[in-house]
Amino acid sequence: MFGRFGWAEILVIVVLVVILFGHNKVPGMMKNLADGLNIFKKELKDGAPKAEEKVAEVQKKPTVKKKPVKKAPVKVTKKKAVSKK
């Protein structure tokens, strides 16, 4: 049902976009969308080897053992009873 758009659905979407944003802003929005997709695709291609290198680097580092935390001595004092009058 929602998997494929026919020509009628695409036409309705285009008309709604033009009505909402105006015919002057639509080309600029499409250009920005295309630029964003191109940058995303480029980063996917270039970023994969870098990510694998970072994972390998993290796996090589020794794990840090945490030292036990010493608790500060607690000073216990006796409170005097206060009488209410």
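A nonpolar patch of about 450 Å² sits on the surface of this predicted model, made by Phe-5, Ile-10, Ile-13, Val-14 and Val-18. Patches here gather residues with over 30% relative accessible area and no salt bridge, joining nonpolar side chains (Val, Leu, Ile, Met, Phe, Trp, Tyr) within 5 Å and like charges within 9 Å. Areas come from the Shrake-Rupley method with a 1.4 Å probe, and for residues only the protein chains shown count as cover. One of the patch members, Ile-13, belongs to helix 1 (residues 7-21). Ile-13 has a relative accessible area of 42%, which makes it partly exposed (buried is under 20%, exposed over 50%, partly exposed in between, with a 1.4 Å probe and protein chains only).

A word on the ground rules. Residues are numbered from 1 along each chain as its sequence is written. Since the model is predicted, local features need pLDDT of at least 70 and side-chain atom pairs count only at pLDDT 80 or more, while totals for chains, interfaces and linings use all residues; side-chain values use heavy atoms, leaving out hydrogens and water.

Overall, the protein has two helices and zero strands, taken as DSSP runs numbered from the N terminus (H or I of at least four residues for helices, E of at least two for strands). Just 1% of its 85 residues count as buried. The accessible surface comes to about 9600 Å², and carbon and sulfur atoms account for 66% of that.

Helix 1 runs to 15 residues and spans 21 Å from first C-alpha to last, close to the 21 Å expected at 1.5 Å a residue; the expected span is 1.5 Å times one less than the number of residues. Just after this helix, Gly-22 adopts a positive phi of about 85°. Gly-22 is also touched by Val-17, which has Val-26 and Met-29 as further contacts, setting aside residues up to four places away in sequence (contact means heavy atoms within 4.5 Å). Val-17 itself lies in helix 1 and, at 24% relative accessibility, is partly exposed.

Helix 2 (residues 26-60) carries both Lys-31 and Asp-35, four residues apart, or about one turn of the helix. These two form a salt bridge, with their closest N and O atoms 3.2 Å apart; the term asks for a side-chain nitrogen of Lys or Arg within 4 Å of a carboxyl oxygen of Asp or Glu. The structure holds one such bridge. Lys-31 is exposed at 52% relative accessible area, whereas Asp-35 is partly exposed at 34%.
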